[in-house]
Amino acid sequence: MLLRPIRVPVWILLFASGLVLVGGCDVPSSGPSLETETGVNTPVVVNKTFSFLGGTESRHEPLIDTTTSQFDSLFTVAETHQSISIEEEVSAFDFGSLDQALDEATEGIGASASISERVMQGSDLASQEITAQYTKENGQPDPVPSPGDPPPSDRGPLPTETTVPFPIELPSFPEQGVANVDADGVERGTLTDKDKVNDRRVNKVDFTLVNNDPTSAPLTDGSGGAPSITIRNKGVGEVGTAQFRAPVDPGTEKTATADIKKGTLIDQKLQLVFKVSGRDGTDEFSLEMSPLQYRKATLTGVNSVEVTVKDTLSTVGEDSPSQFEGIEPRKGTLEVTLVNNFRFPIDVTTLSLENNEDTALPDTFETLGISESAQSISPGASEPFTVDLEGRGIASTVDVEVRGTLAGSYKDDTLTVAAGDSIRTAVSTGDEFSIGALFFWPDGETVQVDGRFGVEANRISFDRPEDFVELEDGRLTIENLVSEPTVSFDSFDLQLLDITRQGEPLTVSLAGIPETKEENLRDARLSPTNDQVTYSLQGTLEDVARTEQTADNLQVLRYDDEIRGDVSVGALQVRAVEAGVDPFSVDVTTDANGDGRLDLSDDREASEASFGEFDGLSDQTENLRLTGTELKFRADTDIGTHMQLYAALQGRNGTTRTYLSGTNSEKRVPSAANGGEFYNGAREIASEDLIQFGVKGASKNNLETRSISLTNENSTVDDFLSTFPTSLRFVAQARLGGEEGRLQLRRPVTFDTGLSVAVPVRLKGSFAISDTIDADFSGLDDVTDPTKEVTVSAAELRVRFTNALPVGADAELFVLDENQNQVLSLPDGDESLRVKAPAKADDGTADGSRTGATSLNLSTAQLRDLAAGRRLVLRLTMDQAEEGGAATFQATDTIELSLEASVEASVSVNN
């Protein structure tokens, strides 16, 4: 009988036994029995070549049929060198969610602070300019004598001399505006450049020549021209000339004017120089001098000098931001400087400054009350006075009075005064000046005070300018808002420079100063600077028109006047964060009961993924040991920070439980890092059964893929996968922010994971493959028929092989009857059915093939048991007994098997 091989998805060795029976001729039904001695060698009944992998269309029948449902996606064959790998993509692998990482990171973020800001300090109102200066000149004296009282002029004989003394004395020096000098006379005087003062001529001298004799010659300059008369200072120079227009004819008179403005007249040296020819004893001469106006004069016989200055000054500087009516200083000094621009020293007897009474200031306003004195101020020198302003007030206008006399140290005989001589007074505040109270009419001034309040958070910190949290929702609350200033605001806002919406600072209107105000923070961005929120209180004061300014609407703003309130930022729902962070942990799988433990045995807390494609291998192999395996963990993430994942990964196959653990410094979990979070039931999972691996953070706003490879170099992945787990059960925790101290997250947090297994079919150690095939051995019934006497003298099963697989194998045959009960196992006793391995190349592949043969002796009982068989279980225990090291399979690896039987038996047949 020939047994037909059946395709199954495991390695199958097929064999057949053949038996040739020879029977006698027809004989009567009763008669002698015949016994026949027969020796039989059956022909080869199986001669087949198998490939290691293949399908229904393969050239050779495959040992593993990859087209079956068990293995149709398990194996991958490289096209070039036919290397084989087992690849398993765990498509349903979900490592867990990190959505809660954003909540954990931003836990406790918010602010609660009391703010109080002095209004004056945050505006230009605090920097009013108090300054006043004036120069009080001596002033131009009136002409002397006064224009309404000209000096008398008598006509007299025309002098016969060419040069004569000036016939009139210089007029005395009049009183001036600042310096009133009592002196005996004028030694010299310099006149102004004026021609008229109050419509009267000044600084002129009129000369009249009278030619009385009708028969005389004309008066000429001696050359026939018009005569002239010159006023000059002896030895100094000309002062002015009266040039007649024509000769003075007999019997006539003519007048000419000498303009002496800007001239310098010296009393004892003043002369008249006549350029007149044709004079006789009848000619006459007269002069009339207009009032003279001195610009400067040197006086003699000085009896006394009184210096008096009185004026009302505005103290509001040009650069003052407000038209204040008065200021009560908080501290500081007033600097008053007197400058003596006279030509003689002055003893200052009185310097006083008082607030002008004609202001709208209340009676309670502090007085100024400054009174000082000094010994002497030299010509051109200044004298400073520093006045402490404590307890004083400065009105917008002040009355200034300076009194002095000629210094007692002055000993000269003469004293010179001039119209431009002056006393200069300058008033300003010192460096430490500070306003205590400002009395003013608001003019729409802007008030702005800036401050900061702190932001609190349990884990994150805002260390860089780009740090922020973006809010889905939240609330800003302002409570207990109080404005102490009595001045009214047309508008008042709180601007939060570090809380923005669409790039603009969040601005909350506080018009009317409400006691409580709330603002929704939806879609706002919180970007504190060094954990501080900068805010600005901004207001615009009312505008009181000048025509409406009265004492009743005069406003007061004091230094200590504050706007204060309580500010809180809370109920925040964070959409995104970029900030510094202290390391923290977040459960990737669920802590369902909130006990702080992740329990691998709790279905509510552990996750599980299927290794479904391993089912066939685990069912049909025993002790299969893999080497060179690789498990790849893939994460698609937009988390912008380094993560360290800690996990208990347990493979399950039936009752087998195996942990995938780390073995090197990167993947092993040290005891110090195991915080006691991982449990399996009541028992804590040991550190050596855990694994860790880092996931590099994604760049800003990008979704990126990270891959972590677990190999035998860094983990127990070979041992783990050699159990062919049908499922992976795990609990995990992520620790963020530990490496860089930075965090970048945006909701929804993307953390999509995948797991794949790549196992080159490269085996070590021994393993067994078994399969059951249909095998009908009923053809042996003639040999085992109980009605016949069969004597088997010798029987054997011969197996020949050509093996191109990189392993050897011990074959075992188990014969099952129609009830699936085992009736026979081969080989028996000390026999073996060995398929020897060929030599191996360096990479573990078969180096050629190996041919061999072996045989099994069969007893009569074994032949009988074999005849009862209807199925055959083939078990191949593969190993590297002939060649050490791992074996690497290729899809095109083959094994060729042939089987034949040899039986020697005698059969007795009764007729």
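**Exercise 1. Find the closest N and O atoms of the salt bridge that Arg 834 forms with Asp 810, and place both residues in the chain.**

Solution. Start with the distance: the closest N and O atoms of Arg 834 and Asp 810 are 3.1 Å apart. A salt bridge here is a side-chain nitrogen of Lys or Arg within 4 Å of a carboxyl oxygen of Asp or Glu. Next, locate the partners: Arg 834 sits in strand β61 (residues 834–835) and Asp 810 in strand β59 (residues 808–816), so the pair links distant parts of the chain, 24 residues apart. Helices (H or I, at least four residues) and strands (E, at least two) are DSSP runs, numbered from the N terminus. Finally, check the accessibility: Arg 834 is buried at 14% relative accessible area, while Asp 810, at 31%, is partly exposed. Buried means under 20% relative accessible area, exposed over 50%, and partly exposed in between (1.4 Å probe, protein chains only).

A word on the model: it is predicted, so local features need pLDDT of at least 70 and side-chain atom pairs count only at pLDDT 80 or more, while totals for chains, interfaces and linings use all residues. Residues are numbered from 1 along each chain as its sequence is written, and side-chain values use heavy atoms, with hydrogens and water left out.

**Exercise 2. Work out which parts of the chain the salt bridge between Asp 103 and Arg 747 ties together.**

Solution. First, the contact: the closest N and O atoms of Asp 103 and Arg 747 are 2.7 Å apart. Then the places: Asp 103 belongs to helix α1 (residues 100–105) and Arg 747 to the loop between β54 (742–746) and β55 (751–760), so the bridge ties together parts 644 residues apart in sequence. Last, the exposure: Asp 103 is partly exposed at 43% relative accessibility, and Arg 747 is partly exposed at 25%.

**Exercise 3. Describe strand β14 (residues 228–233) and its pairing partners.**

Solution. Begin with burial: five of the six residues of β14 are buried, so the strand is largely enclosed by the rest of the structure. Now look at strand β15 (residues 237–243), which pairs with β14 in the antiparallel sense over six bridges. Two strands pair if DSSP finds at least two bridges between them. Ile 231 stands opposite Gly 240 in β15. Three residues lie between β14 and β15 in this hairpin, and Gly 235 in the turn has a positive phi of about 75 degrees. Then turn to strand β18 (residues 270–275), joined to β14 by six bridges and running antiparallel. Here Arg 232 stands opposite Gln 271.
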